[in-house]
Amino acid sequence: MGSVIERIKRGHFWTFHGGIHPPEQKFLTTDKPIRAVSIPEQLILPLQQHIGISADLQVNVGDKVLKGQALTKSTHPMAVPIHAPTSGTISAIKNAVIAHPSGLSELCLFITPDGEDKWRERKICTDLAKLTDNDLIDKISSAGISGMGGAGFPTQVKVSTHEKIKFLIINAAECEPYITADDLLIREHSPSILDGINILDSILSPEHILIGIEDNKPEAIKVLQQTTANNEKIQVCVLPTKYPTGGEKQLIQLLTGQEVPAGVLPSSLGIVMQNIATCFAIADAVINDIPLIKRVVTVSGQALQKPQNVWSLLGTPVGYLLEQCGYPNKDKKHIIMGGPMMGYSLPTDQVPVVKTTNCILAPSEKEISSPYSTGTGEVECIRCGQCSDVCPAQLLPQELQWSAKAKDHQQLNKLNLFDCIECGACAYVCPSQIPLVNYYRIAKSEIRQQTQLDIKAEHARVRFEARKERLARDKIAREEKQKAAAEARKARMNSGTTEAKNEMSAVAQALARVKAKKAQTNTQTPSNEETPLANVGQRSQVAAAIARAKAKKLAAQQNMTVEKTTLVDESSNSEQAVVDKKAKIAAAVAKAKARKLAEKTPVKQVNVGDTATDLKVEQVSNTEKTVVDKKTKIAAAVAKAKARKLVDQQAKLAATPSDEITNEPPKSEST
Ligand code: SF4
Ligand code: SF4
C-alpha cells in the first residue's frame, strides 16, 4: 500500500495496454465559462436515464409540478428516481426517442414549464456531522444520482458497499476529445466538488482518495491542488494524456497497478470510483437539497458559431441547446451525443439531455470526414491486427466483429464482449473503416435482450413449480386434518362421557331434522320455487300430459278416416244437386232465349202485293229461329251430359277407400 502512494507522490504511475492519441480539439470550449441557458418550451424526461430499472410514476398528465419534485419513486436499489427540472405542468406521458445508440423510443414525461421556476420546499443542511451514513445514502438515493461520467450506474449502490475500501478514486480524466465539461466544473466549482468528496469519504471511509486527471488540464489541476492542499488523504494524480485513461478499469490500473478481472466489481478489490461531476451532484443533494436536475454539457464542433459549456436542465431537447450555441438550421445533418470516440449519431435533435449526457457535438463537413468518422467507407477486414494492438481491454476486436456479424452469442461471451468499454479506439485505427463499436453495441443489446427473456422464462418456471408444490402440500395437509378430525370425533363418541352422549344426540337430532325436512318437501305442492322434489312432481305431470296428448292424437286420426268418408258422400250428393240444378238452369235459359227470339220475330202474313223479296226475308227469319232452337237443345244436352259425368266421378271417388284419399290427381283405373 505504502509503495502505491509513494509512487504516486513521486509522479510514477502504471500503464494500460493499447490506447491512442487522437486530436484533442478541446480548445473550442476550454477557455469559455459555463453559461446558463434559458428554460426551453418543453422538457422531455425519459423515466430511465441510468443502468438499472425505471422507478414508478408518481404523476399524471395535467398535474402541476414544482421544481425538484420527485416524478418517479422506488425502493429498488437499481431504480433511480427522476425530478422536475422546473415548475410546470405534465403535458404528456408517452414514448419518445431517447439518447441511445439504437435510436430507441422509451416512456418519457413531458413537462410544459410555467416560467416561474418555483421550487418545492427544501431543507438546507448546515451541519453535515449530524447526518449518519444512512442519512447520507438516503439523500443520495432520493436525489436520483447516478454516475455522470457516461455509464450511469446508480450511485447509491456504489456507496452502499460493505467491502473495506482502500482507494476512493475520483475520475477527472476527461480523456475524450472535444469534451471540457468536467474541466470547467472543476475550475468553477471545486469547493462543492470537495464537499462531495468529503461526503463520500464519510460514507466509505477509504484509506486514500486519489483524484485522477490528465495533464492536458493545467488550470483544473492547479485548482484541485489548491482546494485539497489541507487534506493529506487526497492525492491529485496528474496522468499523461492518452485515450482512454478515463475508462474505469484503465484508471484503476494506472493509479494502483491492479487489473480488474472480467465480471468482478472494483469494490471487491477495495476500490470505488466516482466521477467528478457526480461528486458535485452529491454535494448539491446532501447540502442544498437539490436533486439531479441539471448538468454541465459541452456543446462543441466546428459547425457551431458559439461552442461552449452550458448548464443544461435535464430533459432539454438537443436542438434547443444547439440553437443557443449558434447552430444554423441548414447544417442540421450530423449531431453526435457524447464525444467523437464513444458518442453516437442522433436520429433527431428532439432527443433530450439526460444524466449521462456530457457532450453534444455538431461537426462541420470537414470534421465529419476526419478520422473520427466511421462506417461510411467500410470494406473487408484485412486482418492487420491494429485494432487488437490499441484495445485497452486486451480484446480481439476483429474476431468480436466476425462473431457479432454471425450472431454467435456463445463465441462473443467467450471473447469477453462485455469487457469492451466501447472506447472506439479499434474503429479509430481500422484501415478498413469498419464501425467496430456499432457491431459490439448491437450484439450487446441482443444478448441483454435474450438474457432478459431467459430470466423471465426461468422465473415463470420457478413460480409454476412452487405453485405445484404448494398445491400438493395443501392437499396433503387438508387430508391429514380431515383424517385427524374424524379420528378425534370417533374417539370422542366412543369415550362414553356425557359430552360424547350430548354430541351423539346432537348429531342424531340434526339427522332427524334433515329427514323431516326432506319428507315435508316431498309432500309440498309444487310452487314457483324450484326444489329437487318439486322437479320430480313436475316431471311426472309433464309425462302424463304427453301421454294424454298422444291418446288424443290417435283418436283424432281414427275419427278422421270416418269423417273423410262422410265428407266425400256429403260432398258427392251436394255436388250432384248443384249439377242438376245447373243443368235445369241452363235448359231454362235456353228455353227463355228461344222464347224471346220467337217473340222478337213477328208472324208474317202473305198479303196481296207482297213482293218476292218480302217472302224471301220471312223465310230466312224462320230458318234462323229453327237454328236457335236447335242450339238451345244442344246446350241443354251438353249440360246434362256434364252433370252426369261429374256424378259418375263423385260416385267412383266415394267408392275409393279413405286411406287412398290424397291430394294426388286421380289415377286411371286398370282394366
Ligand atoms: S483494424 Fe480493421 S482491418 Fe485491421 S484487423 Fe482490425 S478490423 Fe480488421
Ligand atoms: S471498443 Fe472495445 S474492442 Fe474496441 S478498442 Fe475499445 S475496448 Fe477494445
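**Close-up 1. The shell around ligand 2 divides into nine nonpolar residues, one polar and one charged.** Welcome to this predicted model; we start with the ligand. Four cysteines are found around ligand 2, namely Cys391, Cys420, Cys423 and Cys426. Two prolines, Pro392 and Pro397, also belong to the surroundings of ligand 2, together with Ile421, Val437 and Tyr440. Glu422 and Gly424 complete the list of residues around ligand 2.

**Close-up 2. Helices α14 and α15 cross at roughly 110 degrees.** Here we look at residues 436-494, which form α14, and residues 498-523, which form α15. Their axes come within 7 Å of each other. The crossing angle makes α14 roughly perpendicular to α15. The sense in which α14 passes α15 is left-handed. On the α14 side, Arg489, Arg492 and Met493 make the contact, and α15 answers with Ala500, Glu503, Met504 and Val507. Sorted by class, the residues of this contact between α14 and α15 are four nonpolar and three charged, with no polar ones.

**Close-up 3. Four antiparallel strands make an open sheet.** Reading across the sheet, the order is β2-β9-β8-β5. The edges are taken by β2 (43-46) and β5 (64-65); each has a single partner strand, so one side of each has no neighbour in the sheet. The partner to look for beside β2 is β9 (residues 105-113), which pairs with β2 in the antiparallel sense over four bridges. To find your place in the view, look for isoleucine 44, which stands opposite phenylalanine 110 in β9.

**Close-up 4. Aspartate 117 has a positive phi.** Most residues other than glycine have a negative phi. Aspartate 117 is not a glycine, yet its phi is about 55 degrees. You will find aspartate 117 in the loop between β9 and α2 (133-142).

**Close-up 5. A second open sheet has four strands in parallel pairing.** The strand order in this sheet is β12-β11-β10-β13. At the edges stand β12 (234-239) and β13 (271-275), each with a single partner strand, so one side of each is left free of a neighbour in the sheet. From one strand to the next, the twist averages 25 degrees. Six bridges link β11 (residues 208-214) with β12, and these two strands run parallel. A handy pair to look for is isoleucine 213 and valine 238, the latter in β12, which stand opposite each other.

**Close-up 6. Helices α6 and α7 meet the strands of the parallel sheet.** Helix α6 (residues 248-256) packs on the sheet and touches β10 (167-171), β11, β12 and β13. The direction of α6 makes about 120 degrees with that of β10. Helix α7 (residues 276-288) lies across β10, β11 and β13. Relative to β13, α7 runs at about 80 degrees.

**Close-up 7. A cis peptide bond joins tyrosine 243 and proline 244.** Most peptide bonds are trans. At this bond, omega is about 5 degrees. Proline 244 is placed in the loop between β12 and α6.

**Close-up 8. Helices α4 and α5 pack at an angle of about 10 degrees.** This view pairs α4 (residues 181-204) with α5 (residues 218-227), whose axes are 8 Å apart. Given the angle, α4 and α5 are therefore roughly parallel to each other. From α4, the contact draws on Asp183, Ile186, Arg187, Ser190, Pro191 and Leu194. The residues from α5 are Glu219, Ala220, Val223, Leu224 and Thr227. By class, the contact of α4 with α5 has six nonpolar residues, two polar and three charged.

**Close-up 9. Helix α4 also crosses α7, at roughly 60 degrees.** The axes of α4 and α7 come within 7 Å. This angle makes α4 oblique to α7. As α4 passes α7, the crossing is left-handed. Among the α4 residues in the contact are Leu185, Ile186, His189, Ile193, Ile197 and Leu200. The α7 residues include Ile276, Cys279, Phe280, Ala283 and Ile287. The residues of the contact of α4 with α7 divide into 14 nonpolar, three polar and two charged. One residue to follow between this view and the previous one is Ile186, which takes part in the contact of α4 with α5 and in the contact of α4 with α7.

Definitions and conventions
Residues are numbered from 1 along each chain as its sequence is written. Chains are lettered from A and ligands numbered from 1 in the order in which they are written. This is a predicted model: local features need pLDDT of at least 70, side-chain atom pairs count only at pLDDT 80 or more; totals for chains, interfaces and linings use all residues. Side-chain values use heavy atoms; hydrogens and water are left out. Axes are lines fitted to C-alpha atoms, for helices over the stretch in contact, and angles run from 0 to 180 degrees between N-to-C directions. Angles under 35 degrees count as roughly parallel, over 145 as roughly antiparallel, 65 to 115 as roughly perpendicular and the rest as oblique. A crossing is left-handed if the near helix is turned anticlockwise from the far one by less than a right angle, and right-handed if clockwise. Contact means heavy atoms within 4.5 Å. Ala, Val, Leu, Ile, Met, Phe, Trp, Tyr, Cys and Pro count as nonpolar, Asp, Glu, Lys and Arg as charged, and the others, Gly among them, as polar. A residue is near a molecule or strand if one of its heavy atoms lies within 4 Å of it. Two strands pair if DSSP finds at least two bridges between them.
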